[in-house]
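Good morning, and thank you for coming. I would ask you to look at the structure on the screen while I speak.

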Amino acid sequence: MVLVIEWVSPWVGRCSRESTALGCSTAVLGPRHSRVRGRRVLSPTDESSRSTLVAVEQQHWPHPPVTAHRREATEDESRHANGLDWDRYADEYQATHGDFLGDVGFVWGPEGLTEAQAGILGPLVGKDVLEVGSGAGQCSRWIRDQGGRAFGLDLSHRQLQHSLRIDEETGIAVPSVRGTATVLPFADGSFDVVFCAFGALQFVADIERAVAEAARVLRPGGRFAFSITHPTRWMFPDDPTEEGLTATQPYWDRTPYVEVDDTTGAIAYVEHHRTLGDWVGILAGAGFHLTTLLEPEWPAGHDRLWGGWSAVRGRLTPGTAIFGADLLTGTRSGPLV
Ligand SMILES: C[S@@+](CC[C@H](N)C(=O)[O-])C[C@H]1O[C@@H](n2cnc3c(N)ncnc32)[C@H](O)[C@@H]1O
């Protein structure tokens with residue numbers, strides 16, 4: 001396995017484009033399209049010279065035409081495809097969702113539940129915190145603002161460039177590193193808290209290793225929390241309308257959702273599914289004591305669409321699951337080789 005770790009270089013551009021494309025429809029991408037936190041094909045229009053710079057870069061990484069499949073994907077295939085995919089998608093993700101996330105804000109999911117409301121991580125003042133799949137670091141920046149020492153790790157260079165941009169704009173810097181959830185570049189017992197807000201876990205094939213890595217870098221008694229697409233959503237098409245309320249595939253079928261580049265035949269994007277029972281077993285197997293499973297309700301008056309998340313569906317069925325677990329004292333995993 002090759003692990004690339006690099007500190008993020010400065011980037012001064014700010015993405016100001018508006019996406020003009022429609023959401024990826026099931027007609028385009030096949031019967032299953034479970035893009036985490038909602039994704040759209042970007043068709044940029046840029047106004048300023050700075051955003052022209054962004055556009056030039058973006059044209060080097062266009063979204064390829066893809067076809068959705070259900071097939072196996074290894075950890076290496078998943079990491080390679082998803083890193084490139086998040087590089088392609090980062091500008092649009094931040095332009096579309098940045099205001100909702102808040103530059104210094106901690107939102108657990110499209111329902112808008114904040115860590116200030118939920119308190120899943122526990123006290124943060126003076127704590128060493130690692131965010132895995134940190135994206136532009138909004139959550140970690142909020143933790144720093146609360147007095148915690150948060151650090152970011154993400155697979156996507158472009159997401160980390162956005163993180164650095166927001167560091168500069170807010171004056172609250174989140175030291176961040178490029179890497180993958182399955183090989184955390186930190187010593188054993190480095191953190192009091194490890195968390196993911198829709199980051200990384202749905203993108204890795206080797207989930208046991210990713211959770212074992214979280215356990216390894218935590219101190220005994222440390223806290224691990226993460227939000228993911230609610231596992232029951234796997235049964236439904238990624239459609240925010242009433243059309244998306246009819247179950248079309250088995251909850252128990254863990255075969256990954258894979259998009260394949262029509263031109264090259266290469267895997268372009270992968271998402272992995274685990275049932276609620278799988279998650280209980282994975283956490284217990286890594287030495288965690290599960291304390292919390294939050295299924296945030298869709299708030300009244302919350303009309304925001306985010307991919308397959310909407311008020312129409314959110315009134316009836318959960319879209320997000322948030323797990324909280326404590327590392328049992330004396331059971332931390334050893335180094336993984
Ligand atoms: C839905 S975004 C969430 C980012 C951020 N937590 C937020 O709330 O906006 C998922 C992030 O996970 C990152 N990611 C995907 N696979 C990863 C992996 N194997 N290791 C680390 N990060 C990964 C992506 O690059 C992306 O930034």
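I shall go through the sheet, the helices, the nonpolar cores, an unusual loop and the ligand shell. Please keep in mind that this is a predicted model.

Let us begin with the sheet. Strands of a sheet pair through backbone hydrogen bonds, and they do so either parallel or antiparallel. Here, seven strands form an open sheet with mixed pairing, in the order β4-β3-β2-β5-β6-β10-β9. At the edges are β4, residues 176–178, and β9, residues 288–294, each of which pairs on one side only. From one strand to the next, the twist averages 20°. As one example of pairing, consider β5 and β6: these strands run parallel and are joined by six bridges. Within β6, A225 is the residue that stands opposite F195.

I turn now to the helices that lie on this sheet. Helix α7, residues 207–217, lies across β2, β5, β6, β9 and β10, and runs at about 145° to β6. Helix α8, residues 276–285, lies across β9 and β10, and its angle to β9 is likewise given as about 145°.

Another helix deserves attention for its surroundings. Is helix α5 largely enclosed or left open, and why? Seven of the eight residues of α5, which spans 138–145, are buried, so this helix is largely enclosed by the rest of the structure. The buried residues are Q138, C139, S140, R141, W142, I143 and R144. They pack against α3, β2, β3, α6 and β5. After α5 comes G147, with a positive phi near 105°.

Next, the nonpolar cores. Which residues touch the most other members of the largest core? In this core of 63 residues, they are V194, L201 and A214. Helix α7 supplies the largest share of the core, seven residues. Beyond its neighbours within four places in sequence, A214 is in contact with V132, V194 and F224. Apart from this core lies another, of five residues, including W86, Y89, Y93 and L155.

Let me now draw your attention to the loop between β5 and α7. In general, most residues other than glycine have a negative phi. F198, which is found in this loop, has a positive phi near 60°. A200 also has its place in the loop between β5 and α7, and its phi is positive too, at about 70°, although A200 is not a glycine. Are these residues buried or exposed? A residue counts as buried if 20 or more other C-beta atoms lie within 10 Å of its own. F198 has 22 such atoms within 10 Å, and is therefore buried. A200 has 26 C-beta neighbours inside 10 Å, so A200 counts as buried as well.

Finally, the ligand. How many residues surround the ligand? There are 23, and the closest are W86, G133, G135, S156 and F203. W86 is thus a residue to remember from two parts of this talk, as it also belongs to the core of five residues. Helix α3, residues 75–101, gives the largest share of the shell, four residues. By character, the shell divides into 12 nonpolar, eight polar and three charged residues.

To close, I would ask you to find two places on the screen: helix α5, which is largely enclosed by the rest of the structure, and W86, which is among the residues closest to the ligand. Thank you for your attention.

Terms used. Residues are numbered from 1 along each chain as its sequence is written. This is a predicted model: local features need pLDDT of at least 70, side-chain atom pairs count only at pLDDT 80 or more; totals for chains, interfaces and linings use all residues. A residue is near a molecule or strand if its C-beta atom, placed from the backbone, lies within 6 Å of it. Ala, Val, Leu, Ile, Met, Phe, Trp, Tyr, Cys and Pro count as nonpolar, Asp, Glu, Lys and Arg as charged, and the others, Gly among them, as polar. A residue is buried if 20 or more other C-beta atoms lie within 10 Å of its own, exposed if 12 or fewer, and partly exposed in between; C-beta atoms are placed from the backbone. Two residues are in contact if their C-beta atoms, placed from the backbone, lie within 7 Å. Two strands pair if DSSP finds at least two bridges between them. Axes are lines fitted to C-alpha atoms, for helices over the stretch in contact, and angles run from 0 to 180 degrees between N-to-C directions. A nonpolar core is a set of buried Ala, Val, Leu, Ile, Met, Phe, Trp, Tyr and Cys residues joined through C-beta atoms within 7 Å.
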